[in-house]
Amino acid sequence: MLIARSLAFRLGFIVALAGGGLTAQAQQTDAAAPLPPPTTGVPTGIELLLPQASPHAVVAQTVGLTDVTVEYHSPSVRGRGVWGGLVPYDEIWRAGANENTLIRFSTPIVLRGQAVPAGQYSFYVLPHQDRDWEVVLNRVTTHWGTDGYNAQDDVIRVPAQTEPAQFQESLLYWFSNVRPNGAHLNLTWEKRTLVLPFEVEVHQQVLSSIERALNQQPRDWHLLAQAADYLVQNNLQPERALNWINESIRLQNEVSNNWIKARLLAQQQDFGTAIVYARKAIKLGDKDDETFRSQLPNMRLSLTEWQARAY
């Protein structure tokens, strides 16, 4: 019995040693292997797509032949005091949030009588409490807000008026008073709007375009009539308009070019001759043409007015 127990003990001891050896070897092997990546938390290199507190926005407007674009991030009021608080007075401001607010002009423009070349600029605002604010265009467009701003890089700095506005939670850029030769760029936030008028030199651009087209097709009566009509509509260069419309009529005697010549002569106070061409235009018109029928009442009204002024 004792022999059996001793034998069992020795066998158990040997098995335990063997097992312990295997366990140690396994632990040594596990320690040498790389640890697996953690199974909790956000995986490396992956970012969550979350809404921005100040979302990106772009507003664009064509003024005459000039494209104007403002790219910005729009902060919200969220119950905070904005002017003189969140945006301090007498300190340069990025006029938005996050990166620089950017403004682009596809052609040269005029701000407060000062020429600004076509291109892209950082748009800054300097608010004041008791006088007109200032708008700043800066040539450096890669800053984060006002970090690194240097007034030596300013292209232009001009005064701009502000006016009370209805409450606007999120900062908003918008255009108003859009005309062929200018518009207003507005910045509205909280209860204030900054108004920045600007002008574009549209007529010179149009005339350059007209000249290029006529150089390519000098005998196109319709192009000549369109060119003359543009000058008449804008009361520009009457002698050139007369040359173009005479050539148009010589090439093709039509309702449209005779009516343009009548309007040009009336604009020059030559009502007697204007009446002749107005009557000719009406006579040439096709009474079955819907476009002509729609224009006929105004043509007759103008003819009556010119007759009253001529006699």
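In this predicted model, a hairpin of 2 residues leads from strand S8 to strand S9. The two strands, S8 at residues 154–179 and S9, pair in the antiparallel sense over 11 bridges. Within this pairing, a useful spot to find in the structure is Thr-162, which stands opposite Leu-194 in S9.

Strand S9 (residues 182–200) also pairs with strand S4 (residues 109–111), again in the antiparallel sense, here over 2 bridges. In this pairing, Ile-109 faces Val-200 of S9. Strand S4 is joined in turn to S5 by 3 bridges, and these two strands run antiparallel. Here Leu-111 has Gln-114 in S5 as its bridge partner.

Stepping back, these pairings belong to an open sheet of 9 strands with antiparallel pairing, and its order reads S1-S2-S3-S6-S7-S8-S9-S4-S5. The edges are formed by strand S1 (56–63) and strand S5 (114–116), each of which pairs on one side only. Neighbouring strands of the sheet are turned against each other by 35° on average, with direction ignored. As a general reminder, the strands of a sheet pair through backbone hydrogen bonds, either parallel or antiparallel.

The helices offer a chance to check a simple rule. Helix H6 (residues 271–284) has 14 residues, so at 1.5 Å a residue it should span 20 Å. The C-alpha atoms at its ends are indeed 20 Å apart, in agreement with that expectation. The buried residues of H6 are Phe-271, Ala-274, Ile-275, Tyr-277, Ala-278, Ala-281 and Ile-282. These buried residues pack against three helices, namely H4 (238–251), H5 (255–267) and H7 (290–310).

Note on methods:
Residues numbered from 1 in each chain as written. Predicted model: local features only at pLDDT ≥ 70, side-chain atom pairs only at ≥ 80, totals over all residues. Heavy atoms only, no water. Pairing = 2+ DSSP bridges. Helix = DSSP H or I, 4+ residues; strand = E, 2+ residues; numbered from the N terminus. Expected span 1.5 Å × (residues − 1). Buried < 20%, exposed > 50% of the residue type's maximum accessible area, 1.4 Å probe, protein only. Contact = heavy atoms within 4.5 Å. Axes fitted to C-alpha atoms, helices over the stretch in contact; angles between N-to-C directions.
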